[in-house]
Amino acid sequence: MVRLNNFDLAIIGGGPAGLFLAKEAKKKGLNTIIFDREERLGGILKQCIHTGFGVEIYNKDMTGPELIEELMEEVLNLGVPYYTKSMCVGFENNKLYFYSPKGIIELSSNYYAFSLGARERARGSLFIEGSRPSGIFTAGFAQYITNILGLKIGEKIAILGSGDIGLIMARRLTLEGMKVIGVFEIMPYYGGLPRNIRQCLEDFEIPLYLSHTILKIEGEERLEKIYVSQVDENLKSVGLIKEFNVDALLFSVGLIPEIDILRKYLLINNKTLGPIVNQYFLTNIPNTFVIGNSLIIFDLVDKAMKSSLNVLDYILKKRKRDLEEVKVIQGNLIRNFVPQILIKDGEKTKIYFRVKEPIFNKEVILRENEKILSKKKFRALYPAEMSEIEIDTNLIDKNEIIIEVI
Amino acid sequence: MEGSSKKESWLEKDFDVVIGGGGIVGASIFRELSRYELNLLLVEKEEDVSSFGSTIANTGIIHGGYDPIPGTLKAILNKEGKKLWRDLAQKLNIDCEFNGVLVLAYNSEEEKILYELYDRGIKNGVNVKILKKNEIKKLEPNLKETYTLGLISEDAGTIDPFIATINIVRSSYENGGKVLLDTEILEVIREGESIILITNRGEIKTKIFVNSCGFFGKKFLKDETLIFPRRGEYLITDKNLKGLISRPIFGVPSMKGKGISITPTPHGNILLGPTSYIVKEYDTSSTLKEREEILEKVSSFIDFNFFPYIIRDFAGVRASSKTKDFIIEFEKDSNVLHVQGIDSPGLTASPAIAKLVSNLIKEKIPLVKKKNFKETLKPNINLKKLSKEEIDKLIQKEPSFGEIICRCELVSKGEILESLKIFPYPKNIDGLKRRLRVTSGRCQGSFCTIRILKILNEEWNVPFEEIKKKGKEGKIIYGEIE
Amino acid sequence: MKEITCVICPAGCRILIDKDNISNYKCKKGLDYAKEELINPKRNITTTVKAINLTKKRVSVKLDKEIPKDKIFDVLKEIKKLKINEKVKRGEIIKENILNLGVNLISQETVE
């Protein structure tokens, strides 16, 4: 057994959020260690070969692999130790355990930060009628197969969901010679960035079918056909059913925070599907933080990285115990938000949130009964975009505030 | 190599008994007959046993035995099978749980039916007890308390039908039974005291042919119309609902059968279903209508939103007989023994069906017991059953047991590698799924599939495009990008 | 008549381009973007190149400058002919001056 102790901060998950926090923590003098279940650090960014990363943090528009290498250079130069191929299996008697080819790892640390990323929503949680052939993948899976293994996942491909991952794969697969027959989106608006609609779909004349859904799948052992129809404002199928002959179907229908390993002990928010945390991303498990996509699905990696520093803030500030807690309540047109709890430590902080539907020329406010504590105006805000609103905890008198759109 | 798709020299011989169908029934008969000095062969049309038909789509319940009509084969074999399973599960390392099965009545009409079941149970000589409301609440505190009466069979339980079939076949093989996969029996020619089986890969001559081919064996019956297919759909949840219910819960049966249940599996998932619809052909697609039906029925048992926990739906077809009982008998004038119409309680009855078949065969050919029949199987390594110290020791000896491939079900590379070497060998991803539960967890394979593909690519030395998810055409990868 | 999605801000206005006529934009940045898309649209390409005898099967690559949009598939064809069989560093030029367009193909990562 490998027994590790005397660490200030253990980071479980060596993706961008974990690596960023690790190197910043080490720079501030904390004895830090990283664990990851894969062979190499870097998390999902290893397979994200498109640009759009590092714009805020490094002022460069980098690809996933480039950003990871940048972070790894710092991690290595700072001498932060790390264990790869190490799968966390949970806490027992206040120690954290991992299975690895080196043996069982038993870890004791003052603080733990979990940055386990997200999992993709798959077919099982959607429900589409029909058979269960092969040829049905999540977009991330297809991305790995294409970019890391250099293999083809099919010849004629349909994509369900207009989130960024789906759009990016539409382009990627087209560039690699496969035919993408269309992207089907159940909502009347697309879920990804306008940049990706332009550069992934419009550039290649891949049709985007808004307000459409896939009704049925056909194919005995490998996918052969999908049946599609339009939907009305209640998302119910209407009109003619169209058939498409495809041999691969990609799901890009949403990400879910990956916190399964802590499920036994964590209090989970049923809107983010991630843990309930305070503004320092501290969970109900003592000395345990959750950051990045495993806390809430971020829209930009840079945001996930920057916000991970809240953990460092908490550890270094050594604040008093037993501070009063404020509950943040979900109000009108807010889809989800984090943190759900604020501790009244007299500091300014921010709440990250998403809206339920597109809003135009509206305000997002934080109020305590009738008193407005903070507000932010939006000319346009779409559900796919995550935004933030600042709050000064000094201004809060009561124990409840509400976040809403007015 | 036994179990391969090549026609070996030993096929030139004649067999004493050929068993058609590598599902739970065929496998059970296979094992029972492998106790005797026989030239014995199991023939399966798919690439793997336990990969098709009713075996892969049932609720996995070892039934109490109060449901079948007294005096029928179903009643007799349910009772006997239930007893035999405990011993068999232990000998062959089959995951199972015996917490009983509960049937609930919600009004006076249903209570009448419940008492009928109770009477039947007494007549069938099985364990049954009527429960009052407070007793039900103690056993299952999370249910909606709208039930008025209950019935429990305390020695009933649940079992993993895949592992059961696979391990039973393995045991038979280790006792000398031979297996031929990828071989479909197309025609059965009765020639006096022998049978000639015309398969897609040649002829097989045998003294006795046991038709336990399930739905695909109905064509060998003199009257094929006796068998009709019924489709059933299931929803399955992930493992985060442990403790919600402790045993299968049923409502009272109807004309369609036992009805939709909530059943916790030995692995910790919850199965919701099955529905029951007569279909025209072998159609295992899922429908929205049936999904809604399942969720509605389940909501009458328990006030719980299963929606966020459902990870998969699947459907299967069982072969039911118009006689409403099992058909287990030799043809009048030939050595073809039909084992047909095996729907519920087929899984429960399997070990008893095997004994009955063996007795029927005894009347035709002499059965001499083998002296060294191996009753047990060497258990496979299963990390979930070991302590941390044991796992650490194991990893020190063989590091691949420390490399976790399936995160959701906690399966290591070492276990996968081992599984590839144990007969009957897995042939594709679904084969590994049935043996190790990989890809059947919450993420439905999005983490592990790639890693499994890599392992198979290396171990089998085949290009990625030849590794299938299931069957022969279910390939995952189309080849390298240009 | 073509309709394009503007990428300058999240509003994603659908700008109409009819021969030389641009309409339906809501700000000057949008108009400028549409003009560029009309006259000389440029794109970068990120893709992978086959690796032989390295620790990875594919090396992710990109162009160090944008190229005219209509040259994407021609450039891709050239990239597909390449194979990397030596250690490569992040930023290293793998192929110079592809199709004489004045752009180089560079590696996104260091691969041993």
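Visitor: Which residues does Ala105(B) touch, leaving out residues up to four places away in sequence?

Guide: In this predicted model, Ala105(B) touches Glu110(B), Glu111(B), Ile113(B), Leu114(B), Tyr147(B), Thr148(B), Leu149(B) and Val252(B), where residues up to four places away in sequence are not counted. Ala105(B) itself has its place in strand E5 of chain B, which covers residues 101–105.

Visitor: Why does Ala105(B) count as buried?

Guide: The test is a count of C-beta atoms, and a residue is called buried if 20 or more others lie within 10 Å of its own. Ala105(B) has 21 C-beta neighbours inside 10 Å, so Ala105(B) counts as buried.

Visitor: What separates the C-alpha atoms of Ala105(B) and Leu151(B)?

Guide: Those two C-alpha atoms are 8.5 Å from each other, although Ala105(B) and Leu151(B) stand 46 residues apart along the chain.

Visitor: Why can chain B be called as compact as a globular protein of its length?

Guide: Chain B, whose secondary structure comes to 11 helices and 25 strands, has a radius of gyration of 22 Å, and the globule rule gives 23 Å for 482 residues; the two values are close, so chain B is as compact as a globular protein of that length. The C-alpha atoms of chain B fill a box of roughly 65 × 60 × 45 Å along the principal axes, and 53% of the 482 residues count as buried. Among the contacts in chain B between residues at least 6 apart in sequence, 73% join residues at least 24 apart.

Visitor: What does the radius of gyration say when it is set against the globule value for chain C?

Guide: Here the value for a compact globule of 112 residues would be near 13 Å, but chain C has 18 Å. The C-alpha atoms of chain C fill a box of roughly 55 × 30 × 20 Å along the principal axes, and buried residues make up 27% of the chain. Its secondary structure comes to 2 helices and 10 strands, and from the N terminus on these elements run β-β-β-α-β-β-β-β-α-β-β-β.

Visitor: How do you know that strand E12 of chain A pairs with E25(B), and in which sense do they run?

Guide: Two strands are said to pair if at least two bridges are found between them, and strand E12 (residues 151–152) of chain A and E25(B) have 2 bridges, in the antiparallel sense; the requirement is therefore met. In this pairing, the bridge partner of Leu151(A) is Glu480(B).

Visitor: How many residues of chain B and of chain A are in contact across the two chains?

Guide: On the side of chain B there are 45 residues, in contact with 41 residues of chain A. Several elements of chain B each supply at least two residues of that side, including helix H6 (288–301), strand E18 (310–321) and helix H11 (448–459). By class, the side of chain B that touches chain A has 15 nonpolar, 14 polar and 16 charged residues.

Visitor: What makes up the largest nonpolar core?

Guide: That core has 150 residues, and those with the most contacts inside it are Leu21(A), Ala113(A), Ala170(A), Leu250(A) and Val311(A). Strand E8 (residues 103–114) of chain A gives the most to this core, with 7 residues. Apart from it lies another core, of 96 residues, among them Phe30(B), Ile195(B), Leu197(B) and Val357(B).

Note on methods. Residues numbered from 1 in each chain as written. Chains lettered and ligands numbered in written order. Predicted model: local features only at pLDDT ≥ 70, side-chain atom pairs only at ≥ 80, totals over all residues. Contact = placed C-beta atoms within 7 Å. Helix = DSSP H or I, 4+ residues; strand = E, 2+ residues; numbered from the N terminus. Nonpolar A, V, L, I, M, F, W, Y, C, P; charged D, E, K, R; others polar. Rg over C-alpha atoms; globule rule 2.2 N^0.38 Å. Buried ≥ 20, exposed ≤ 12 C-beta atoms within 10 Å, placed from the backbone. Core = buried A, V, L, I, M, F, W, Y, C linked by C-beta atoms within 7 Å.
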